[in-house]
Amino acid sequence: MTAPTPLSSLSSALADMVASTAPSVVSVHSHRSRATGFAWKPGLIVTADEALADEGAVEIGLADGSTAAATIAGRDHTTDIALLRVDAAVAPVKFAATVPPLGALSVVVATHRETPSAALGMVSASGKSWRSLRGGDIDARIELDVRLRGSQQGGLALDASGEAFGMAVLGPRRVLVIPTATIERVAAQLEARGRIARGYLGLGLQPVRLDDGIGAMVMNVDKAGPSAAAGIRQGDVIVAVNDQKLSGVRALAQTLGPSSVGTVVDVAVRRGGEPASFRVTVAERPEA
């Protein structure tokens with residue numbers, strides 16, 4: 001009998017890793033959209049929000065080939081996490097306690113064309129927490145040097161010990177991993193409330209260029225919102241918040257995360273060319 005080589009041993013270990021994880025991974029079908037999901041808790045599936053359709057029924061494809069109807073328990077566009085409820089027995093995954101270092105091998109276990117799939121790569125970037133373009137707080141910056149199809153979004157990124165350190169999603173020109181710390185935090189809120197609390201000023205803003213920087217003109221004001229209560233009016237131009245000059249409307253929106261709800265911010269404006277300031281208590285964004 002031929003002795004195993006280092007490469008054959010690695011191959012066998014990877015195959016065993018995928019085989020043990022595949023039963024926790026499901027395919028997600030929603031109105032012409034295909035993605036991957038995994039069992040976070042019994043009866044609860046996490047998937048990539050961006051790959052989940054905004055309308056129509058949702059169906060889960062299980063590892064044994066059967067299907068089950070699912071309902072959306074909650075979704076958060078800013079962190080790309082959606083939570084589904086399903087009446088099916090799917091074994092929850094085991095999350096890793098740490099993020100693998102730069103250069104570490106990773107296996108993404110997902111589904112493609114209704115069958116389990118796997119892709120091998122490495123951690124090509126690893127960094128501190130960051131904020132998505134939609135204002136979501138992501139606990140660690142992780143990128144993978146691996147190629148994924150659209151249907152593999154929502155797959156599990158495994159470390160060398162076979163534990164999941166996050167969910168693989170397709171970012172701009174790269175594969176990103178939403179780390180388990182973010183998944184645990186966001187999924188728990190989605191399970192309890194169906195949504196993530198976001199800050200709300202009650203303003204419609206339009207960026208304007210000023211002689212000394214950038215401002216945001218108030219185009220409309222929610223009469224029941226916090227800014228109206230503080231005295232801000234249509235036509236005011238916001239120039240600073242908490243003594244920090246405004247760098248753009250998007251940057252302002254990104255500051256209105258869950259922790260901003262209930263805080264008081266000092267908003268400096270120009271009204272008819274004259275300076276004015278208002279103290280606004282950030283409210284929770286109402287449901288659409």
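**Figure 1. Secondary structure and extent of the chain.** The chain holds 4 helices and 22 strands in this predicted model. Its C-alpha trace spans about 90 × 40 × 30 Å along the principal axes. Of the 288 residues in the chain, 48% are buried.

**Figure 2. Strand E3 and its two pairings.** Strand E3 covers residues 44-48, and 5 of its 5 residues are buried. Strand E2 (residues 33-41) pairs with E3 in the antiparallel sense over 4 bridges. Within this pairing, Thr47 of E3 is the bridge partner of Gly37. The hairpin of E2 and E3 has 2 residues between the strands, and Gly43 takes a positive phi near 80° there. E3 also pairs with strand E6 (residues 81-86), again in the antiparallel sense, over 5 bridges. Here Ile81 in E6 is the bridge partner of Ala48.

**Figure 3. The largest pocket and its lining.** The volume of the largest pocket is about 600 Å³. Its lining consists of 21 residues, of which Asp76, His77, Thr78, Arg198 and Arg285 are the closest to the centre. Strand E5 (67-76) and helix H4 (249-254) each supply at least two lining residues. The largest share, 3 residues, comes from H4.

**Figure 4. A nonpolar patch on the surface.** Leu7, Leu10, Leu105, Leu120 and Met122 form the patch, with about 470 Å² of accessible area together. Helix H1 (6-21) and strand E8 (115-127) each supply at least two of the patch residues. Leu105 is found in strand E7 (residues 105-112). The relative accessible area of Leu105 is 42%, so this residue counts as partly exposed.

**Figure 5. Salt bridge between Glu191 and Lys41.** A search of the whole structure finds 15 salt bridges. In the one between Glu191 and Lys41, the closest N and O atoms are 3.1 Å apart. The pair links distant parts of the chain, with Glu191 in helix H2 (residues 180-193) and Lys41 in strand E2, 150 residues apart. Glu191 is partly exposed at 28% relative accessibility. Lys41 is partly exposed as well, with a relative accessible area of 34%.

**Figure 6. Salt bridge between Arg75 and Asp54.** The closest N and O atoms of Arg75 and Asp54 are 3.5 Å apart in this salt bridge. Arg75 lies in strand E5 and Asp54 in the loop between E3 and strand E4 (58-61), so the contact links distant parts of the chain, 21 residues apart. The two ends differ in cover: Arg75 counts as buried at 19% relative accessibility, whereas Asp54 counts as exposed at 69%.

**Figure 7. Salt bridge between Asp212 and Arg270, and a salt-bridge network.** Asp212 forms a salt bridge with Arg270, and the closest N and O atoms are 2.6 Å apart. Because Asp212 lies in the loop between strand E16 (203-210) and strand E17 (213-221) and Arg270 in strand E20 (residues 264-271), the pair ties together parts that are 58 residues apart in sequence. Asp212 is partly exposed, with a relative accessible area of 40%. Arg270 also counts as partly exposed, at 30% relative accessibility. Elsewhere in the chain, salt bridges that share partners join Asp49, Asp54 and Arg75 into one network.

Notes. Residues numbered from 1 in each chain as written. Predicted model: local features only at pLDDT ≥ 70, side-chain atom pairs only at ≥ 80, totals over all residues. Heavy atoms only, no water. Patch = residues over 30% accessible without salt bridge, like charges linked within 9 Å, V, L, I, M, F, W, Y side chains within 5 Å. Areas by Shrake-Rupley, 256 points an atom, 1.4 Å probe, with all protein chains shown as cover. Salt bridge = Lys/Arg side-chain N within 4 Å of Asp/Glu carboxyl O. Buried < 20%, exposed > 50% of the residue type's maximum accessible area, 1.4 Å probe, protein only. Pairing = 2+ DSSP bridges. 1 Å grid on protein atoms, 1.4 Å probe; cavity = no way out; pocket = protein on both sides within 12 Å on 5 of 7 lines; lining within 4 Å. Points joined across faces, edges and corners; volume = space filled by probe spheres on them.
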